[in-house]
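Q: Please take a close look at the central sheet of this protein and at what surrounds that sheet. A connected account, in formal terms, would be welcome.

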Amino acid sequence: MVAKMKNDADLIIFNDSINYMKYKRHPAYKAAEEIKRLRKIFSEVNKKAVEIEYKYQYILSLIPELEEYIDNDESLLSISDSIKDSNIDDLRDKRTDYLSKEEYARLSEDERSQLALDRYIKTSKKTRWEVGRDYEMSCAFQLTKQGYRVNMFGIKNRFNDLGRDLIATKSIHGLKVMIIQCKNWSANHVIHENVIMQLYGTTTMYKISSSVTKVAEIFPVLMVPSYTKLSDTAEKFAKALNVRIVRMENLDFPRIKCNINNGNKIYHLPFDQQYDRTEIKLKGEFLAYTVKEASEKGFRRAHRYNMANIS
């Protein structure tokens, strides 16, 4: 209905032009008919555009983090990259993104992995997904050191994370559960109230569906670096809705996932196919800073790439 009203308003200029052509001193009926034809085409296209705009605004209200990608073609492409990078059927050895052919041929298996990892950590060309994932893992590592048990819900579920990046639990005079959104946005990007509302909403949904509701205190937490700015309205919403703002710096953390799968000791690097799906939860599994640390404990790199792609 609203889209139709907006469309009707936009058509007024066409109607005025048609009337002018038909009723001027020397009528131009062919021109009037041509404007009618163009009006019909414009009406159909414009109505669709208005509908798409309203749908777009609605989606943005549900998923506020998409605002970071608006009007930035490079950022939009990074979404495509993150989807492409999540394809477990891609058997290419992605260390080659960080190594030359000469380095790949010259170095040992562990040396290839370490050099590729070092360059991945230092590169400024990470996708938005990789930047966000690094911050989530950094926050999770720091929380674990504080005694929390952390479920990395966002990384496992990616775009289906319901706005829950981390779910952290700890027994402190009863069970405490934090539903956490991690936002490592650029310093000039202000967080608005829609982020707070989404976090509050997903926490409420968790409370309704979780079996621990009756025995736990569950509260929403927005975790951001110290430089992050919130709008005045966002600050007011956070206070009114009891959303806690926690300043957490993006500190270094061990990135190598050492996993035991059917008795096989395997380590995964951040750019490996199964990295995001791999969880550290069994006895003997751990996160390592270096490939040497993983290798010395009997772990080898996951081999799911096609050597035929190396030439």
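A: Two strands are taken as paired if DSSP finds at least two bridges between them. In this predicted model, five strands meet that description in an open sheet, with the order S1-S2-S3-S5-S7 and mixed pairing. Strand S1 (149-151) and strand S7 (244-247) stand at the edges; each has a single partner strand, so one side of each is left without a neighbour in the sheet. On average, and with direction ignored, neighbouring strands of this sheet are turned by 30° against each other.

Within the sheet, strand S3 (residues 175-182) and strand S5 (residues 216-224) run parallel and are joined by eight bridges. One residue of this pairing is Cys-182, whose bridge partner in S5 is Met-223. Helix H9 (residues 193-209) packs on the sheet, where it touches strand S2 (166-171), S3, S5 and S7. The direction of H9 makes about 155° with that of S5.

The helix itself can be checked for regularity. H9 has 17 residues, which should span 24 Å at 1.5 Å a residue, and its end C-alpha atoms are indeed 24 Å apart. Its buried residues are Asn-194, Val-195, Ile-196, Gln-198, Leu-199, Thr-202, Thr-203 and Tyr-206. An α-helix has 3.6 residues a turn, so residues three or four places apart point the same way.

Cys-182 merits a further remark. Its relative accessibility is 9%, so Cys-182 counts as buried. The closest cysteine sulfur belongs to Cys-139 and lies 4.1 Å from that of Cys-182, which is too far for a bond, since a disulfide requires sulfur atoms within 2.5 Å. The count of disulfides by this rule is zero. Another cysteine, Cys-258, is buried as well, with a relative accessible area of 0%.

Beyond the sheet, a second group of strands can be described. S8 and S9 run antiparallel and are joined by five bridges; Lys-257 has His-268 as its bridge partner in S9. Two residues lie between the strands of this hairpin, in which Asn-262 takes a positive phi near 55°. S9 also pairs with S11, in the parallel sense and over two bridges, and Tyr-267 stands opposite Arg-301 in S11.

These strands in turn meet helix H6. The buried residues of H6 pack against strand S8 (256-261), strand S9 (264-268) and strand S11 (300-301), and also against helix H5 (101-106), helix H7 (128-145) and helix H11 (291-296). Those buried residues are Arg-112, Ser-113, Gln-114, Ala-116, Leu-117 and Tyr-120. Helix H6 (residues 109-122) has 14 residues and reaches 20 Å from its first C-alpha to its last, close to the 20 Å expected at 1.5 Å a residue.

Ala-116, which has its place in helix H6, counts as buried at 0% relative accessibility. With neighbours within four places in sequence left aside, Ala-116 is in contact with Arg-95, Tyr-98, Leu-99 and Phe-271. Phe-271 is 155 residues from Ala-116 in sequence, yet the two are 9.4 Å apart in space, C-alpha to C-alpha.

As for the protein overall, it has 11 helices and 11 strands, and buried residues make up 41% of its 311 residues. Among contacts between residues at least 6 apart in sequence, 61% join residues at least 24 apart. The accessible surface comes to about 18,300 Å², of which 55% belongs to carbon and sulfur atoms.

Methods: Residues are numbered from 1 along each chain as its sequence is written. This is a predicted model: local features need pLDDT of at least 70, side-chain atom pairs count only at pLDDT 80 or more; totals for chains, interfaces and linings use all residues. Side-chain values use heavy atoms; hydrogens and water are left out. Helices (H or I, at least four residues) and strands (E, at least two) are DSSP runs, numbered from the N terminus. Axes are lines fitted to C-alpha atoms, for helices over the stretch in contact, and angles run from 0 to 180 degrees between N-to-C directions. Contact means heavy atoms within 4.5 Å. Buried means under 20% relative accessible area, exposed over 50%, partly exposed in between (1.4 Å probe, protein chains only). The expected span of a helix is 1.5 Å times one less than its number of residues. Accessible areas come from the Shrake-Rupley method with a 1.4 Å probe; for residues, only the protein chains shown count as cover.
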